[in-house]
Amino acid sequence: MTTESAAQGAIQQDYRDELHAEILEDLRVGEFGYKYRILDGVVMPPYITPSRYALSRSLDIRSDDVVCTSYPKSGTNWISNVILRLQHGGGVPEGKTLRDSMHWVASSYLYPRTKEDLDKAPSPRLFSSHMPYHMALGGDPRERPCRYVYVARNPKDVVVSYFHFEAGQSWSGHYSGSWSHWLQMFVDGKLQRGDWFHHVLSWWRRAEADNVHFVKYEDLTNDFHDELKRLARFLDVDLTDELAASIAEQTQFRTMKGDTFSDLHDAGELGHFYRKGVVGSWKERFTVHQSEWFDEIYRTRMSGTGLDFVFE
Ligand code: PPS
């Protein structure tokens, strides 16, 4: 498929092991059919393959590259759209969709990239990654000239969003467990991309580095303009009032859900991707007991880290 046809509305194929897992020997199947593989000790989706992961670690990084990193369901597509528009004077790359504008190097699914593709890709490049710090795209961020933007979201909304997104999908092995089973898997670090606390804290501990910018979904929601200014400063982009207004308009939930650039129509199974886009939708799933249980785990795991989230 050409990028033009993707932008115009063609639907990409769904995930298939034989095409996207690349090797099948190390695929594992957990409870309720949950499919995954382990890379560097962390649970990963089948489409994050060993050879693509190796490529992602050894990339020739440029100083104007930006790497957007997150635990899944934390606002990756939202902030990537914001970064792209900051990189392109408010516009977007011609003939591309949002998904195709981001280089997901470790992933074989949807828009796989070869080393040659990446070498040829024009600057500034925007990479996306769901890796914890020790698996960062490009290698050790302390030794790389590019910028890393890490977006984090409160874990209760993350796990609910993730359940809606992934249960029953092909790349999860059509996982058929209940919400409470999913929540337990999340707490046990058994979901694809591993333990949320470890992931977020691994980046939070490096958030003071000059080339790392840490942003919370809840702050983007409640204070978009201040967060946009902070991000523009980090990326050395001159943010005029006009540019800020245009980016705010183009990246709001309603716009992204409805436009052919960002609606993810090119990702077949992701049809229900734009679900709620709010802070606090965890309340529709968590029982009172589950909420109290999780809050206790959250308090213990986050204690002394200096990082906290708002949940509503
Ligand atoms: S993924 O699949 O891991 O890359 O998903 P990710 O993009 O990180 O997160 C998806 C959730 O972000 C919501 N979203 C938004 N919220 C507010 N504003 C905007 N513009 C926006 N775009 C995406 C999306 O709806 C998912 O959250 P839930 O809670 O499921 O609605």
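Helices (DSSP runs of H or I, at least four residues) and strands (runs of E, at least two) are numbered from the N terminus. With that in hand, Ser74 is easy to place: it is found in the loop between strand 4 and helix 4. Residues are numbered from 1 along each chain as its sequence is written. Keep in mind that this is a predicted model, where local features need pLDDT of at least 70, side-chain atom pairs count only at pLDDT 80 or more, and totals for chains, interfaces and linings use all residues.

Let's stay with Ser74 for a moment. A residue is called buried if 20 or more other C-beta atoms lie within 10 Å of its own, exposed if 12 or fewer, and partly exposed in between, with C-beta atoms placed from the backbone. Ser74 has 27 C-beta neighbours inside 10 Å, so it counts as buried. Two residues are in contact if their C-beta atoms, placed from the backbone, lie within 7 Å. Setting aside neighbours within four places in sequence, Ser74 is in contact with Val151, Ala152, Arg153, Val158 and Tyr217. Leu264 sits 190 residues from Ser74 along the chain, and their C-alpha atoms are separated by 16 Å.

Now for the sheet. Strands of a sheet pair through backbone hydrogen bonds, either parallel or antiparallel. Two strands count as paired if DSSP finds at least two bridges between them. Here, four strands form an open sheet in the order 5-4-6-7, with parallel pairing. Strand 5 (126-129) and strand 7 (212-216) are at the edges with a single partner strand each, so one side of each has no neighbour in the sheet. From one strand to the next, the twist averages 20°, where axes are lines fitted to C-alpha atoms (for helices over the stretch in contact) and angles run from 0 to 180 degrees between N-to-C directions. Strand 4 (residues 66-70) joins strand 5 through four bridges in the parallel sense, and Thr69 stands opposite Ser129 in strand 5.

Next comes helix 7. Its twelve residues reach 16 Å from first C-alpha to last, close to the 16 Å expected at 1.5 Å a residue; that expected span is 1.5 Å times one less than the number of residues. Nine of the twelve residues of helix 7 are buried, so the rest of the structure largely encloses it. Among the buried ones are Pro155, Lys156 and Ser161. The buried residues of helix 7 pack against helix 8 (179-187), helix 9 (196-204) and helix 14 (288-302).

Helix 7 (155-166) also helps surround the ligand: along with helix 4 (76-87) and helix 13 (253-258), it supplies at least two residues of the shell. A residue is near a molecule or strand if its C-beta atom, placed from the backbone, lies within 6 Å of it. Of the 20 residues around the ligand, Pro72, Thr76, Ser161, Arg275 and Gly277 come nearest.

A few backbone spots deserve a look too.

| Residue | Positive phi | Place |
|---|---|---|
| Asp40 | about 45° | loop between strand 2 (35-39) and strand 3 (42-44) |
| Arg193 | about 95° | loop between helix 8 and helix 9 |
| Gly168 | about 85° | just after helix 7 |

Asp40 is partly exposed, with 13 other C-beta atoms within 10 Å, whereas Arg193 counts as buried with 22 C-beta neighbours inside 10 Å. Finally, a cis peptide bond joins Ser123 and Pro124, with omega about -5°. Pro124 belongs to the loop between helix 6 (115-120) and strand 5.
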